[in-house]
Amino acid sequence: MTSPTRPPSAAPTPRQALLRDRNFRWMLSGGLISMLGDQFTLIALPWLVLQMTADTRVLGIVLAMLGLPRALFILIGGAFVDRHSPKQVMMVTKYVNAALLGTLAVMVWVGTLNLPCLYALSLGIGLATAFSIPAGTSMLPQVVKREWLQPANSVMLGLRQLTMFAGPLLAGLMITVLGTGHEAGALTDARGLAAAFALDAFSFAITIWTLSKVRMLGGKPALPAGASVLGAVVEGLKSFWRDVQLRSCLLYWSAVALLISGPVQIALPVLAKAQANLGAAALGSMLAAHGAGTLLGMGLAGAKPHWRLRSLGLTLLAVDAMVGLLFMPMGSITAAWQGAGLLLLIGALGGFMQVAVFTWIQRRVPQAMLGRAMSLFMFIFMGLAPVSAAATGWLLRAVPLNALFLGGGGLLVAVVIVALLATPMRNVNDEPAAA
């Protein structure tokens, strides 16, 4: 007797196949540990400065030591990634960060930390970040298959968003519980702060091991070892400028970063403080809603990678127009649930497009120049965000808060209309650039 023929099993979806891929799982596990550890330092470092000096000017200097090297050297970091491969650059930065954070943890614990040492360590961490960011954002196309890129970006970016929820809560709990009853010199909470930095250092050490297990699928780097790094940066900028679609997107994103990033960083806290019905708790709930919306949008982008309004460019413009319209009434809210609802929608739209845009750049730019392309993309938002924040702070001295939100959202809609009518943005598609 013959056994009945079994129906063929359905082919796995790209997301299912991706999660079964051992190579991606190694990268995913290491990335999750590292991203969670980073949140501990992001919480512990400002608290450390305020415990040491209670001087906001010193806090500003420390944050500048972290941010300025990142902004100044990120394009050079992209060229190093294209020369040495993302994995090699990432490994070096993890060794450096593990050593720097381990040193910081020990100095906090024994009470020998002073401001010059803190400035030097912050400068070193910021410089390492200038190389790790382009390495991390350009590594994925050499780890997974091309057809898995959008689901892979959805998973990686979604987990990053998730760690931004869990990390600060765990870090605050650790500092509070372990910090009680231990002082090093004049520094309170020394034990909890040292533990937070040590945990981040340990997370880098663990990810050195997980990263060593990741197998790169791409070939050798195309940038010769003897080539000038600055020359490679200039060559990359010229190449991106010649790509009409990429040039249009980079200029458009620069305008968006200037219009939106400042009001989000500056005007939202001012709004929470100015409104009697809001306050710090309302600000936290609104930002949490934005984070939840972003996570939702990223998950949707991974599940529905082909959702488009005719083209990627038209989808991007339509999403930004909706963001501008949702942003306009933020200055007139009177309750936290109103702001949370608006920011939930804004976050969902932004999260969806963030995954789509990351995937588009990774597919469009040749692998030999991807490090420089991703460093330029990150520079636009990291470098222009302080400019936008400074401009917002200056405008708030002369412009009412509700007018700032109305103007910012209205200007974003106006930029979308100009881009639609006068630029090639509407023709941006998901196809790779012609050779």
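**Exercise 1. The nonpolar patch**

Task: Find which helix gives the most to the nonpolar patch, and place Leu127.

Solution.
- Step 1. Helix 3, residues 56-84, gives the most to the nonpolar patch, with three residues. This is a predicted model.
- Step 2. List the members. Leu68, Leu72, Phe73 and Leu127 make the patch, which covers about 380 Å² of surface.
- Step 3. Place Leu127. This residue lies in helix 5, residues 115-139.
- Step 4. Classify Leu127. Its relative accessibility is 37%, so Leu127 counts as partly exposed. The partly exposed class runs between the 20% and 50% cut-offs.

**Exercise 2. The chain as a whole**

Task: Describe the protein chain by its helices and strands, its buried share, its contacts and its surface.

Solution.
- Step 1. Count the elements. The chain has 14 helices and two strands.
- Step 2. Look at burial. Of the 435 residues, 49% are buried.
- Step 3. Check the contacts. Take those between residues at least 6 apart in sequence; 84% of them join residues at least 24 apart.
- Step 4. Turn to the surface. The accessible surface is about 20,500 Å², and 70% of that belongs to carbon and sulfur atoms.

**Exercise 3. Asn23**

Task: Decide whether Asn23 is buried or exposed, and find what its side chain reaches.

Solution.
- Step 1. Locate Asn23. The residue sits in helix 2, residues 22-53.
- Step 2. Compare with the cut-off. Buried means under 20% relative accessible area. Asn23 has 7%, so it is buried.
- Step 3. Follow the side chain. It reaches the backbone oxygen of Arg215 at 2.6 Å.
- Step 4. Name the neighbours. Leaving out residues up to four places away in sequence, Asn23 touches Val143, Lys213, Val214, Arg215 and Leu217.

**Exercise 4. Two residues with positive phi**

Task: Compare the settings of Ser85 and Arg310.

Solution.
- Step 1. Recall the background. Most residues other than glycine have a negative phi.
- Step 2. Read the angles. Ser85 has a positive phi of about 90 degrees. For Arg310 the positive value is about 70 degrees.
- Step 3. Find the loops. Ser85 is in the loop between helix 3 and helix 4. Arg310 is in the loop between helix 10 and helix 11.
- Step 4. Check accessibility. Ser85 is buried at 14%, whereas Arg310 is exposed at 82%.

**Exercise 5. Cysteines**

Task: State how many disulfides a search of the whole structure finds, then classify Cys117 and Cys249.

Solution.
- Step 1. Recall the bond. A disulfide joins the sulfur atoms of two cysteines covalently.
- Step 2. Give the count. The search finds zero disulfides.
- Step 3. Classify the two residues. Cys117 is partly exposed at 29%, while Cys249 is buried at 2%.

Terms used. Residues numbered from 1 in each chain as written. Predicted model: local features only at pLDDT ≥ 70, side-chain atom pairs only at ≥ 80, totals over all residues. Heavy atoms only, no water. Patch = residues over 30% accessible without salt bridge, like charges linked within 9 Å, V, L, I, M, F, W, Y side chains within 5 Å. Areas by Shrake-Rupley, 256 points an atom, 1.4 Å probe, with all protein chains shown as cover. Salt bridge = Lys/Arg side-chain N within 4 Å of Asp/Glu carboxyl O. Helix = DSSP H or I, 4+ residues; strand = E, 2+ residues; numbered from the N terminus. Buried < 20%, exposed > 50% of the residue type's maximum accessible area, 1.4 Å probe, protein only. Disulfide = S-S within 2.5 Å. Contact = heavy atoms within 4.5 Å. Polar contact = N/O pair within 3.5 Å; in protein donor to acceptor, adjacent residues only side chain to side chain.
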